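Dear colleague,

Please find the structure below, followed by an account of what was found in it. It may help to keep the view open while you read.

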Amino acid sequence: KLANTAKKTGIKEKLEEVPSLALGTEEINIIDFATGYTTFASGGYKKELYLIRKIEDRDGNVIYTKENKKSLVLNPNYVYILNELLANTTSSAFKDYTNATASTIASKLSRKYAIKTGTTASDYWTVGYNKDDLMLVWLGYDDNREFNKNYGYITKNIWADTIEEIQKDISNNWYETPENVVGIILDAVTGEITTNETEAIVYYYLKGSKPNISSDKIITYKKKEG
C-alpha cells in the first residue's frame, strides 16, 4: 500500500515493499522527493516539476510556454489531515521523552508550514511547505561518508532562514479545512481531553471517525474568519 501510494504521488524510484520502507530504507533522489511532497502541498494533485517556464525570442515573442498539468491522485481530506500533522513538528506541546523534530527552528518561523526532517549517519534533509512554496534542503557527501550529527541543526536552519526570506512579503496562507474534516482539541501526547493550552493541539479527523469521547467533554475547534 505504501509503495503504491508513493508511486501515485510521482515517486519513480523502485521501492521494495517491506515494512521498513516507512522508515526510509530506500534511497530516493531529491527530484522524486520534491515531486512527492508537491502532491501533498497541492492538496492531493500530482504535478510535473520543470525548470523552464517560458521562452521568448529577442523581440519578446513567446515561443514556448510550459503547460501546467495536474491530476488528483490522493483524497484531499486525508492530505489536509497529513499537512496539519506535519505542521506540528515545531510544536512544544509534543515534548515528552524527546522534542518534536523541528522544534529547534520554531522561533524562526513566522508562518505555518508542514515540515518533515530526515536523518541518517551520512545525510540530513529538511522539507517544508505551505500553499505558496515548497523547499527541500539536503546535506551530505556524494560518497556517503559519515559526518557530525550537528549538521542536522544546520540543515534545519538553512531551510528556516531561506523559506522565511522567500515568504517575507507573503501573507500567512494556510489551507482551508475541508467540509468533511473536523478538528478536536486534545492533549498532544496522550490524545485525551485537556484544558491545559500549553499541552494541547488540534487533532483532525474525518467526520464520523473522531475518538469515542463523550461529546460534552470535547472542545471542537472552529477556525476564525480571516
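I begin with a charge and a ring: in this predicted model, the charged end of Lys70 sits over the ring of Tyr45, at 4.6 Å from the ring's centre. A second such arrangement involves Arg145, whose charged end lies over the ring of Tyr141, 3.8 Å from its centre.

Turning to rings that pair with each other, the count comes to ten aromatic pairs. One of them joins Phe33 and Trp125, which form a tilted pair with 4.6 Å from centre to centre and 40° between the planes. This pair links distant parts of the chain, since Phe33 belongs to helix 2 (residues 30-41) and Trp125 to strand 6 (residues 123-129), 92 residues apart. Trp125 has a relative accessibility of 17% and therefore counts as buried, because buried means under 20%.

Strand 6 also contributes Tyr124, whose ring centre is 5.4 Å from that of Phe147, and because their planes meet at 35°, this pair is tilted. Phe147 is found in the loop between strand 7 (134-140) and helix 4 (151-166), so its pairing with Tyr124 ties together parts that are 23 residues apart in sequence. Tyr124 and Phe147 are both buried.

Ring pairs also build a cluster, which links Phe33, Tyr37, Phe40, Trp125 and Tyr129.

Finally, please look at strand 8 (residues 181-187), which is mostly covered, with six of its seven residues buried. Strand 8 pairs with strand 9 (residues 200-206) in the antiparallel sense over seven bridges, and Tyr203 in strand 9 is the bridge partner of Ile184.

With best wishes

Note on methods:
Residues numbered from 1 in each chain as written. Predicted model: local features only at pLDDT ≥ 70, side-chain atom pairs only at ≥ 80, totals over all residues. Heavy atoms only, no water. Buried < 20%, exposed > 50% of the residue type's maximum accessible area, 1.4 Å probe, protein only. Helix = DSSP H or I, 4+ residues; strand = E, 2+ residues; numbered from the N terminus. Pairing = 2+ DSSP bridges. Phe/Tyr/Trp six-rings, centres within 6.5 Å; stacked < 30°, edge-to-face > 60°. Lys NZ or Arg CZ within 6 Å of the ring centre and 35° of its normal.
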